[in-house]
Amino acid sequence: MNTIWKGYINASLILKITVALILGVIVGLLFGKEAAVLAPFGDLLIRLLKFVIVPLILFTLIVGVNQTRLANLGRMGGKVFLYYLLTSALAITVGISVASILDPGTGMTLDTNEEFEVPDNPGVTSVILNIVPENIITAFSNLNLLGIIFTAIAFGIAISALRSSKEHAELGESVYKVVNGLNEATLNIMKVIIQYVPIGIFAIVAEIVGNQGLNTLLELGNMIVVLYIALIVQIVFYIIFMILSKVNLKEFFTQARTPMITAFVTQSSSGTLPLTLDAAKNLKLTKSLYGFSLPLGATINMDGAAIRIAVSAAFAANIIGDPLSIADMLQVVLIGTLASVGTAGVPGAGIIMIATVFAQLGLPMEAVGLLTAIDVLVGMGATALNVTGDLVGTSVINKTEAERSNEESTTN
């Protein structure tokens, strides 16, 4: 038994995850809905990952802020926001283009008797106000990532100011050492959790395959295939961005594949965040950059969801026999980009975004209800792309910052 455990620990993580995926599919197909008995093991993985989200973001960002100048932090923040905005617009454009060529939903009929209640859209103003939490404890307990980022930056700047002051420099250094120690302790906890990831993935895949079966895949297969083609096209754009920025593709995907697969299985960008942060650390990216960009990206950067909006809009339009016009497509790009920010951090954000676009274009809400049948299968790919986009953007921006530092050192 001890030999088996040592063999498991020493095996590469990607090998363990691959085996877990294959076994999960097999068990799900063999046992069907009875595979749900494994659900607690999958729930445990989600709980473990969420357990370390707050300390990871808080301590990583505080330490990162204290390792860089505030001017650099502001510049990097501007680049991150611009990247997220542009890639979201690009993702919707990709989704619209692919869907226009492949025409998902053509020939299907819609059950107009089916009712679907659309959740309220909180709007951009609510999201912006949510950045500053009314209560720090509530922000932590509710996993308000924007609020946690704000708290970490505020305390990071305060500790940096203490360290720079003549009167409280020693106190500032002591506080910083404690936070840095807590950050290292959190990373040690992460190492243990990572060993459980394959087990949790096996359980989640078995349950999903057991519940969904092949029927849903066959019924709405056209829509699913079109969406995944669009996701692949977006990844090609990511690769082009990284090549132009001279990011090492082999090294990137070696580290990124674990959070990508985990996001695919768990359908949770925020739940996968600890693994995404770990990947950024292994890629040796700047701590102050990834400590800010990845939690923010998990909240507002939804390239996968953006593609889902575009393909869903084309799908609904084709079902009612009224394909999207050029003007409609431009509306989808504009409204979808804004909706992806306006629904940040809201449960069921994907459905809210789709419903918002449908309402603006006059598309039938019954189609939203139909799309919920493949919500899991579509959500898996979309979430994996969300996480990939966050890590790509951080890697590209990190390269531009490194080049800037080299230029400044050469000038000096």
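The unreviewed UniProt entry lists residues 12-32, 44-68, 80-102, 143-162, 193-214, 220-244, 332-361 and 367-387 under "transmembrane region"; UniProt positions follow the numbering used here, feature names are shortened, and annotations may be inferred rather than shown by experiment. The structure is a predicted model, in which local features need pLDDT of at least 70 and side-chain atom pairs count only at pLDDT 80 or more, while totals for chains, interfaces and linings use all residues. Residues are numbered from 1 along each chain as its sequence is written, and side-chain values use heavy atoms, with hydrogens and water left out.

The protein has 18 helices and 0 strands, where helices (H or I, at least four residues) and strands (E, at least two) are DSSP runs numbered from the N terminus. Two of the listed stretches are described below.

| Residues | Helix | Strand | Distance between end C-alpha atoms |
|---|---|---|---|
| 80-102 | 100% | 0% | 33 Å |
| 143-162 | 90% | 0% | 28 Å |

Of the 412 residues of the protein, 50% count as buried, that is, under 20% relative accessible area, with exposed meaning over 50% and partly exposed in between (1.4 Å probe, protein chains only). A nonpolar core is a set of buried Ala, Val, Leu, Ile, Met, Phe, Trp, Tyr and Cys residues joined through side-chain atoms within 4.5 Å. The largest such core holds 111 residues, of which Ile 201, Leu 324, Val 332 and Phe 358 touch the most other members. Helix 3 (residues 39-65) gives the most to this core, with 14 residues. A second, separate core has 5 residues, including Val 27, Ala 35, Leu 38 and Ala 206.

Contacts, defined as heavy atoms within 4.5 Å, often link distant parts of the sequence: among those between residues at least 6 apart, 83% join residues at least 24 apart. In helix 18 (residues 375-411) lies Gly 393, which counts as buried at 1% relative accessibility. The C-alpha atoms of Gly 393 and Ser 293 are separated by 8.4 Å, although these residues are 100 apart along the chain.

The axes of helix 11 (residues 249-266) and helix 12 (residues 269-282) come within 8 Å and cross at roughly 170 degrees; axes are lines fitted to C-alpha atoms, for helices over the stretch in contact, and angles run from 0 to 180 degrees between N-to-C directions. Helix 11 and helix 12 are therefore roughly antiparallel, the term for angles over 145 degrees. Helix 11 contributes Gln 255, Thr 258, Pro 259, Thr 262, Ala 263 and Thr 266 to the contact, and helix 12 contributes Thr 272, Leu 275, Thr 276, Ala 279 and Asn 282.

Note on methods. Angles under 35 degrees count as roughly parallel, over 145 as roughly antiparallel, 65 to 115 as roughly perpendicular and the rest as oblique.
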